[in-house]
Amino acid sequence: MAVVITGMGCVTPIGTGRPAFSAALRRGESGTRRLSRFDPGGYECQVAAEVVDFRAEDFMPLREVRSLPRVAQLAVAGARLAMEDARLRAWPDPTRVGVLLGTSGGSGSYQFEQGLIFVERGVRRMHPSFPAYAHNGVIASECAIQLDAHGPVFTVSSACTSSTDAIGLACALLEAGTVDFILAGGSDAPLAPLLFASFDRLGAMARRFNDRPEQASRPFAADRDGFVLGEGAGVFVLEKRERARERSAPILAEIAGYGATCDAAHHFTQEESGVDATRAVVEALRQGNLSPDDVDYVNAHGTATAQNDPFETAIFHRVFGERAPRLPVSSTKSMVGHLLGACGAVELAATIVGMHEGFLPPTLNLDEPDPACDLDYVAHRARPAQIDVALSTSFGFGSRNAALVVRKPDDAG
Amino acid sequence: MPADAVDTVVRLIAIELEMPEDRVRSATSLRGELGMDSIAAANVLFAIEEELGVELVLEDVEHLDDVAEIARVVRRARPTTGS
């Protein structure tokens, strides 16, 4: 591919903006705390990864601060930060700019809040903007409205592969010549009672570490017991390599390839053989004319669920063969939590920060690995490393699999 | 009710319509002169309730068209239940 990333905007539980996010990754900070957005007393899991340093008024007009759903506010903030990072004050031609964002929970939290108002206080108390805000497309259209993007503007919703898919599809739009720039990534803000309760009911979230929140997200560990739900956004400015060079833009990474497949088997988990999941990774490498031996680092989906971690480890054994035990693989969900549809974008951001600055983001809380998880997971602390090629994987409900491969640009500073 | 109801109403309308407070203060018709539509009006009324901790009877205020009238209703409003 000839698509490059020239800017990134992160709004995450461990920091907002590239410098803060990068510093927290390097320090190995946990963004998990006792849930404060609402009373978690009635739930088995009582911790979450909340974005705590976000001030919507820093990124948008005050009228939007009051009324816009949080998931869209996080997206707008991420997109604005990405534009600043790409040194773009305005688009050269706004008609050639697209927005393609992923979300899973989307406007679900907003719908729940308004649903409560409807039931408890009646129809006249409902927000009259509800129809415009209650669909998942609002996260992309709001970015377009506030950042003057007049090209194709849409939202992808494919569970936890949403933002990985959005970035992959954005590359296709660029390569087809449909747009010159595209804001691609994802946003999710699921920390509202109904969505939180649904994952609690599913038994998918960590529940044994309520008294030690920062230890609750434990990917690949023998004593892991589920993911920590989080919120945040990751948005990138994508453009063709030639255009970025013409305008002397800082190139953070090249997107080498994208693969997406579906097991077409289960609602919640991947199919045990991992055939289709492996195919997604192989396809992403193939698009970049890369072999598994070229990969220096893997940012895994690494949810810390019983199902995901051994499954994903087996995929990496299959793809990387004898080299697998020596290949660094980490899960930054140990720091930022599981951002659902935004996870792929934020994890790609972590991967690119590591590539750009020369370190491997760690997997926190990996005191004792699950015997079925036998790779080098960069436990506890970040590690200096040269990363030229990296893989980021995402898996989602509906047995979806997605992979992105990124490469360090030739002229990276 | 706070004495600065007019100031609050003016400020919240100015935020919603993205225009200077002076223009809102001098307007004789919010709808006709400033183009405030029903969605903007609802946003302003909900913002007033939230900021001033009052509960408005929406039927009493939705048709109002100038700042002084809205402020008069706001001054008479009862505090939010439970606050």
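Me: In this predicted model, is the crossing in which α1(B) passes α4(B) left-handed or right-handed?
Reply: Right-handed: the near helix is turned clockwise from the far one by less than a right angle, whereas anticlockwise would be left-handed. Both are helices as DSSP runs (H or I, at least four residues), α1 of chain B covering residues 5-17 and α4 of chain B residues 38-52. Residues are numbered from 1 along each chain, and chains are lettered from A in the order written. Local features need pLDDT of at least 70, side-chain atom pairs 80 or more, and totals for chains, interfaces and linings use all residues.

Me: Why is α1(B) called oblique to α4(B)?
Reply: Their axes cross at roughly 135 degrees and come within 9 Å. Parallel means under 35 degrees, antiparallel over 145 and perpendicular 65 to 115, and the rest is oblique, so α1(B) is oblique to α4(B).

Me: What makes the contact between α1(B) and α4(B)?
Reply: B:Thr8, B:Val9, B:Leu12, B:Ile13, B:Glu16 and B:Leu17 of α1(B) meet B:Ala40, B:Asn43, B:Val44, B:Ala47, B:Ile48, B:Glu51 and B:Leu52 of α4(B). Contact means C-beta atoms within 7 Å. By class, nine of these residues are nonpolar, two polar and two charged.

Me: How many residues of chain A are in contact with chain B?
Reply: Eight, against nine residues of chain B. The chain A side has three nonpolar, two polar and three charged residues. The predictor gives the complex an ipTM of 0.84 and a pTM of 0.95.

Me: Where in chain B is confidence lowest, and where highest?
Reply: Helix α5 of chain B (residues 58-61) is lowest, at a mean of 84, and helix α2 of chain B (residues 21-26) is highest, at 95. These are pLDDT values, on a scale from 0 to 100. The mean for chain B is 89, with 94% of its residues at 70 or more.

How values were computed
Axes are lines fitted to C-alpha atoms, for helices over the stretch in contact, and angles run from 0 to 180 degrees between N-to-C directions. Helices (H or I, at least four residues) and strands (E, at least two) are DSSP runs, numbered from the N terminus. Two residues are in contact if their C-beta atoms, placed from the backbone, lie within 7 Å. Ala, Val, Leu, Ile, Met, Phe, Trp, Tyr, Cys and Pro count as nonpolar, Asp, Glu, Lys and Arg as charged, and the others, Gly among them, as polar. pLDDT is the predictor's confidence in each residue, from 0 to 100.
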